[in-house]
Every structure is written in C-alpha cells, then in structure tokens.
Amino acid sequence: MLLQFSSAQGPAECCIAVEKALACFLQEAKNMGVSTDILETFPSKHGLKSALVSLDGEQAEQLAQDWCGTIQWQCQSPLRPRHKRKNWFMNVTRFSPIQPIEESEIEFEFTKAQGAGGQHVNKTASAVRAKHVATGITVKVQSERSQHANKKLAKQLIQWKLNEHQSQQVSALDKQRHHSHYQIERGNATIIFSGNEFKRLI
C-alpha cells in the first residue's frame, strides 16, 4: 500500500511537521517489522512538502490505520517566534498501488482465421484471441499464417494495451494524490505531537 504525507499547502511550519512525522513513522514501522520505501519526496526550504511511502508486512495494515488522517503539531513556530499560531496541521492519506501485470494471466483461444488468405488460412486454427483475465482486455490476431506467430503478436498487442491501461491508472492515482493536497481536516487529529522535540501525545 502507499501512504502520502502532505503539508496540504500549509506554511513552512507544516513542512517541518511532515519531515518530523515521517521520521517518527519510519522508526515506528521499523519497530513493528514493516518494511518501507520512500518512493518520492518534494522538499521545501524547511522540511518536506510531501512524501510518498510504500509499506509491506504483516503489520502494515494496522500501521496505516493508526497514521491515516490529520496530524497535529502543537508548538511555537521555530521560524516565527512571535507568531500567535501554535497549531500546525498535515495529513496522511492512503492510496492503492498500481497492481503489477503478469503475462501468465493471459488466456489464449485458437480459432480458424476469417477473411482473405485462401484455403490454408481458413482451414487451420491459426487465429489467436488473447484475454488478460485481470482487466478483461481482449485482442484478436490473424495476420500471420502460423499459430505461433499470431500468438507472439497477440502477446505484444496485449502488453501494449496493458501498458496503456496502467498509464491510465497512474494518471488517475496522480489526480487523487494532487486532490488530496487540498483536503485536510484541521481538528479531530488522529495523532498529536508537541514541542520542538516532537513528542507524541496521542
């Protein structure tokens, strides 16, 4: 699964909170035996605007549930000591990762080719219909005389269509992630940290 840590377009103090929260999260994940990979970060002058982290392990689900939502940092601004505001917010959002595509999930059906090509084309089961079970994407190839050649082309065509499908999934995920940067509930925090030492209260 993927977790996105975001300052939610907040001021520099929120970016500091993202960096500190991410460090706490990674340590907690390590303690729980959850493997993590930081896939992407967007740094700011102070801290991080956002970070995308992948999780894997038996405790990954529980860890994600504990962290998803609004994170609150109660602290006098380390950048603007005279600033009246003492509550800074960031959020953690969960996304489903793009599922890997396995060629073994392709089913092949062999039929007689139709159309021009003479008696040889029509009498042999050289046409290939290929279906990717997971997505339902189907192609049919009968341009070559041999079943083997058509199967090879069908594989290539399926792969091209699956790559296109995956690109659409990536685009949809990017749109969700972009939209999440503008959504944050300032209040009802899932986790609260306090002070420059970033001590966890709840």
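1. Helices, of at least four residues, and strands, of at least two, are here DSSP runs that are numbered from the N terminus. With that convention, the elements of this protein, which is a predicted model, run β-α-β-β-α-β-β-β-α-β-β-α-β-β from the N terminus on. The protein has four helices and ten strands.

2. Some overall values help a new reader to get oriented. Of the 202 residues of the protein, 36% count as buried, and the protein exposes about 11800 Å², of which carbon and sulfur atoms supply 48%. Among the contacts with a separation of 6 or more, 60% are accounted for by residues 24 or more positions apart.

3. One open sheet is formed by seven strands in the order E2-E3-E1-E5-E4-E9-E10, and its pairing is mixed. Strand E2 (35–43) and E10 stand at the edges with a single partner strand each, so one side of each is left without a neighbour in the sheet. Within this sheet, E1 and strand E5 (residues 87–95) pair in the antiparallel sense over five bridges, and Gln4 has Thr93 as its bridge partner in E5.

4. Strand E4 (residues 69–74) of the same seven-stranded sheet contains Gln72. Is Gln72 buried or exposed? At a relative accessibility of 11%, Gln72 counts as buried, because the cut-off for a buried residue is under 20%. When its neighbours within four places in sequence are left aside, Gln72 is in contact with Asn87, Trp88, Phe89, Ala189, Ile191, Ile192 and Phe193.

5. Helix H1 (residues 12–32) can be checked for its length: at 1.5 Å a residue, its 21 residues should span 30 Å, and the end C-alpha atoms are 30 Å apart, which agrees. The helix lies across E1, E2, strand E3 (48–56), E4, E5, E9 and E10, and runs at about 20° to E3. Which residues of H1 are buried? They are Glu13, Cys14, Cys15, Ile16, Ala17, Val18, Ala21, Leu22, Phe25, Glu28 and Ala29. Just after H1, Gly33 takes a positive phi of about 75°.

6. Two further backbone positions deserve a careful look, because most residues other than glycine have a negative phi. Gln9, in the loop between strand E1 (2–6) and H1, has a phi near 60°, which is a positive value in a residue other than glycine. Phe198, in the loop between strand E9 (191–194) and strand E10 (199–200), also has a positive phi, of about 55°, although it is not a glycine. As for their surroundings, Gln9 is exposed with a relative accessible area of 53%, whereas Phe198 is buried with a relative accessible area of 6%.

7. The aromatic side chains can be read as a group, and a search of the whole structure finds six aromatic pairs. In one of them, the rings of Phe5 and Trp67 have their centres 6.1 Å apart and their planes at 50°, so the pair is tilted. This pair links distant parts of the chain, with Phe5 in strand E1 and Trp67 in helix H2 (residues 60–67), 62 residues apart. Phe5 is buried, at a relative accessible area of 0%, and Trp67 likewise counts as buried at 0% relative accessibility.

8. Trp67 also takes part in a ring pair with Phe193, where the centres are 6.1 Å apart and the planes stand at 40°, so this pair is tilted as well. Here too distant parts of the chain are linked, since Trp67 is in helix H2 and Phe193 is in strand E9, 126 residues apart. Both Trp67 and Phe193 are buried. Ring pairs link Phe5, Phe25, Trp67, Trp73, Phe193 and Phe198 into a cluster, so the list includes Phe198, the buried loop residue with 6% relative accessible area.

9. There is also an open sheet of three strands, in the order E6-E7-E8, and its pairing is antiparallel. Its edge strands are strand E6 (106–111) and strand E8 (138–141), each of which pairs on one side only. Neighbouring strands of this sheet are turned by 20° against each other on average, with direction ignored. Strand E7 (residues 127–132) is joined to E8 by four bridges, and the two run antiparallel; the bridge partner of Ala130 in E8 is Val139.

Technical notes:
Residues numbered from 1 in each chain as written. Predicted model: local features only at pLDDT ≥ 70, side-chain atom pairs only at ≥ 80, totals over all residues. Heavy atoms only, no water. Expected span 1.5 Å × (residues − 1). Buried < 20%, exposed > 50% of the residue type's maximum accessible area, 1.4 Å probe, protein only. Contact = heavy atoms within 4.5 Å. Areas by Shrake-Rupley, 256 points an atom, 1.4 Å probe, with all protein chains shown as cover. Pairing = 2+ DSSP bridges. Axes fitted to C-alpha atoms, helices over the stretch in contact; angles between N-to-C directions. Phe/Tyr/Trp six-rings, centres within 6.5 Å; stacked < 30°, edge-to-face > 60°.
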